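Please read these points with the structure open. They are short and can be taken in any order.

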Amino acid sequence: MDSFVGHENDLNLKATELRLGLPGTDESEKEMMCSFKNNKRASPESVEDSESVAGSDDKHGNRETPAAKTQVIGWPPVRSYRKNCLQPKKAEAETGIYVKVSMDGAPYLRKIDLKVYNCYPELLKALENMFKITIGEYSEREGYQGSEYAPTYEDKDGDWMLVGDVPWDMFMSSCKRLRIMKGSEARGLGCA
Amino acid sequence: MMMNYFPDEVLEHVFNFLTSHKDRNAVSMVCKSWYRVERFSREKVFIGNCYAIDPERLISRFPRVRSLTLKGKPHFADFNLVPPDWGGFVYPWIEAMVKLGVHLEELRLKRMVVSDESLELLSRSFVSFKSLVLVSCEGFTTDGLAAIASNCRFLRELDLQENEIEDRRGHWLSCFPDSCTSLISLNFACLKGEVNLATLERLVARCHNLRSLRLNHVVPLDTLQKILGKAPQLVDLGAGAFVHDPDSETLNKLKNAIQKCTSIRSLSGFLEVAPCCLPAIYPMCLNLTSLNLSYAPGIHNNELIKLIRHCRKLQRLWILDVIGDKGLGVVASTCKELQELRVFPSDLYGVGNAAVTEEGLVAISAGCPKLNSVLYFCQQVTNAALITVAKNCPNFIRFRLCTLNPTIADPVTMQPLDEGFGAIVQSCKGLKRLSLSGLLTDQVFLYIGMYAEQLEMLSVAFAGGTDMGMLYVLNGCRKLKKLEIMDSPFGDVALLADIGKYETMRSLWMSSCEVTLGACKTIAKKMPRLNVEIIDEGDQMETSPDDRHRVEKMYLYRSLVGHRRDAPDFVRTL
């Protein structure tokens, strides 16, 4: 992938340019690969990555950020203890808890990964963003009073429960699917 | 001279004011009587390489030793370059101290192999044992900890930092007897397994002098809340799991407890975290001088920034690169007292994109006038940035910069980073430790040899072009103690140019360089006080080794006691 932007409009002379080097490699990338010391161990292969770092795009012109794809032993110099601490997090994150989310009146359902969220406010905010609605704040007495919507979930027993009553961890393990109720049906749930 | 007429007690009293072992070493070399008085009065001994001397000789010189610090494996063992079972066993040291009647009170170990047997022997043998600090060690289990807890009746400090400890699912914490009230410092953050929470609470409650407590990831927030209620005198806290429903009674109680903990100056942990709970700790942030969030990947960029805005008195900050350049800008404008910064990479196996670049470092250098120690993992760095940093911060003592791609050039000029690092060594006249990375030629070593007069430790990887690079360093850096080099084209010419130099250094490590077996043999033959060890994990040893063979890993160190007798098969001492 080319890290240069803006070639769509010009004649793309670069592609027809006569120059030394393997086809498909950029000039600067070639320089990078030549300057790498040849040794017997796995050499990091420069792979162009077009993600710009820290938001500033063309401040430095052609900003190359080739990433070492092959793992070099001993690099980066990070203690294995630290690596092991950060790694398991990634493994855990890969097995998400995906549940269907339906909203009354919506043409199709959505799916979210409950593991992404650490507490109810985060989940509710995500639902609000996803469906462009306002759910508001939970209160034990009133439920989601003041809102047109009430988030509910189906638990392991098949019952429909109001989101927010039980501790987060308990909710995560018992929630089978979510349903955002609307209108009078929603308000009905909030009654004492 | 007048000093000769001072009775020994006076000399001893004067020497007591010398706390650094370097000062004590210097004093002991003045004359015979000073040597004698010093050695009998020395209580704290520091051994930078456990194979440089043996315990018997040590104890015969310092019979009154009470506190021993030992370091074992070479530094690059941290990065998996040294195979397991290489060595660094503490057992012989403990055994010798028992035999020779040492009244050991304190043992601090780094990168050593510590067995449960050694911990048991330690716990049973030294009546006044007070302090055990283990950093990056391995080889023991929670059974060994149980022995320490059970038997060390006056234990004040049990500090476990980043060790690999096998969890036997025992109840080591419960082994502290009810009569134990002496704990001042307890750090078990690196333990993976469960601890009995009720036991922990009771232990904290009865140790009224507890100043430092670092919990592991299984200790939940509501236990933390109870603990803080019982130990408002804490100065250093490591939170375990910091996850809870933010609108809960528990979190309210936590906030109240935190209000009473007015002495906390150091915070770490947050091994699991729900960011919505973080505001609870903002009141603590005002007085913090040390903050370590480098093990808290659950805290995202904007929460980190919000938190740091409260930390105006911070002197030490360890974080993950998720903070980003913008976040570092906030650090620069908030933390005017900052002395030490470490930015660790969060994504180690992914595409390898660090979220920080040279911009963050430049901002810090401009905003934090007291900065003297930096460890910085970043995507890239420019010469211009390094030159600016050097100008802004002439007071660096430690400077370690790691680009994730080890041979990346200056992305703007496509030049090597020689000029940038050269500016650092030229400006920072007190620089003691330096780690380089990025595209580097012999030129940077010329600069280092010329300017880095106080340099004691240098780490090099994928750098240099010819033997001249290494020669510049060996010839120039008079105070060099540790040199470690990986994957660089330095060979026999450099290695053999001045072998006497190695006796002035603690150690030299070279891996994946161009040195040959023959050259290593030459050094070993000429220098009886150097141990030259070849680590060979492959099949080189099976075929008869040719002197022209390249050596994959060489570790060379000075020693007063000759070859070590505990070397494994894959280590050959020449």
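1. Start with a loop in chain B. This is a predicted model. Arg111(B) counts as buried, because its relative accessibility is 6% and the cut-off is under 20%. Arg111(B) sits in the loop between strand E3 (106–110) and helix H6 (116–125) of chain B. Its phi is near 50°, a positive value in a residue other than glycine.

2. Met414(B) is another residue to check. Its phi is near 60°, again positive and again not in a glycine. Met414(B) lies in the loop between strand E16 (398–403) and helix H16 (418–427) of chain B. At 19% relative accessible area, Met414(B) is buried, since buried means under 20%.

3. Chain A has a cis peptide bond to look at. The bond joins Trp75(A) and Pro76(A), with omega at about -10°. Pro76(A) falls in the loop between strand E2 (67–68) and helix H3 (80–94) of chain A.

4. Now the cysteines. How many disulfides does the structure hold over all chains? The count is one. Cys119(A) is joined to Cys276(B), S to S 2.3 Å. The pair crosses between chains. On the chain A side, Cys119(A) is in the loop between strand E4 (110–113) and helix H4 (120–131). On the chain B side, Cys276(B) is in the loop between strand E11 (266–273) and helix H11 (282–285). Cys119(A) is buried at 0% relative accessibility, whereas Cys276(B) is partly exposed at 25%.

5. Two further cysteines deserve a look. Cys85(A) is in no disulfide. The nearest cysteine sulfur to Cys85(A) belongs to Cys190(B), 8.5 Å away. Cys368(B) is in no disulfide either; its nearest cysteine sulfur, that of Cys335(B), is 6.5 Å away. A disulfide needs the sulfur atoms within 2.5 Å. Cys368(B) is buried, with a relative accessible area of 0%.

6. Next, the cavities. A search of the whole structure finds five of 30 Å³ or more. The second largest has a volume of about 140 Å³. It is lined by 16 residues, and those closest to its centre are Pro74(B), His75(B), Lys482(B), Ser507(B) and Tyr555(B). Strands E19 (482–486) and E20 (507–511) of chain B each supply at least two lining residues. E19(B) gives the most, with three residues. The lining of this second largest cavity divides into five nonpolar, five polar and six charged residues.

7. Aromatic pairs come to 22 over all chains. Phe399(B) and Phe421(B) have ring centres 6.4 Å apart and planes at 65°, so they pair edge-to-face. Phe399(B) is in strand E16 and Phe421(B) in helix H16 of chain B, 22 residues apart. Phe399(B) is buried at 0%, and Phe421(B) is buried at 1% relative accessibility.

8. Phe445(B) and Phe490(B) are also edge-to-face, because their planes stand at 85° with centres 5.6 Å apart. Phe445(B) lies in helix H17 (residues 442–451), and Phe490(B) in the loop between E19 and helix H19 (492–496), so the pair ties together parts 45 residues apart in sequence. Phe445(B) is buried at 1% relative accessible area. Phe490(B) is buried too, at 1%.

9. Ring pairs also build a cluster in chain B: Tyr51(B), Phe76(B), Phe79(B), Trp86(B), Trp509(B), Tyr555(B) and Tyr557(B). The charged end of Arg564(B) sits over the ring of Tyr51(B), 4.5 Å from its centre. Across the chains, Arg82(A) lies over the face of Tyr295(B), at 4.2 Å from the ring centre.

Definitions and conventions
Residues numbered from 1 in each chain as written. Chains lettered and ligands numbered in written order. Predicted model: local features only at pLDDT ≥ 70, side-chain atom pairs only at ≥ 80, totals over all residues. Heavy atoms only, no water. Helix = DSSP H or I, 4+ residues; strand = E, 2+ residues; numbered from the N terminus. Buried < 20%, exposed > 50% of the residue type's maximum accessible area, 1.4 Å probe, protein only. 1 Å grid on protein atoms, 1.4 Å probe; cavity = no way out; pocket = protein on both sides within 12 Å on 5 of 7 lines; lining within 4 Å. Points joined across faces, edges and corners; volume = space filled by probe spheres on them. Nonpolar A, V, L, I, M, F, W, Y, C, P; charged D, E, K, R; others polar. Phe/Tyr/Trp six-rings, centres within 6.5 Å; stacked < 30°, edge-to-face > 60°. Lys NZ or Arg CZ within 6 Å of the ring centre and 35° of its normal.
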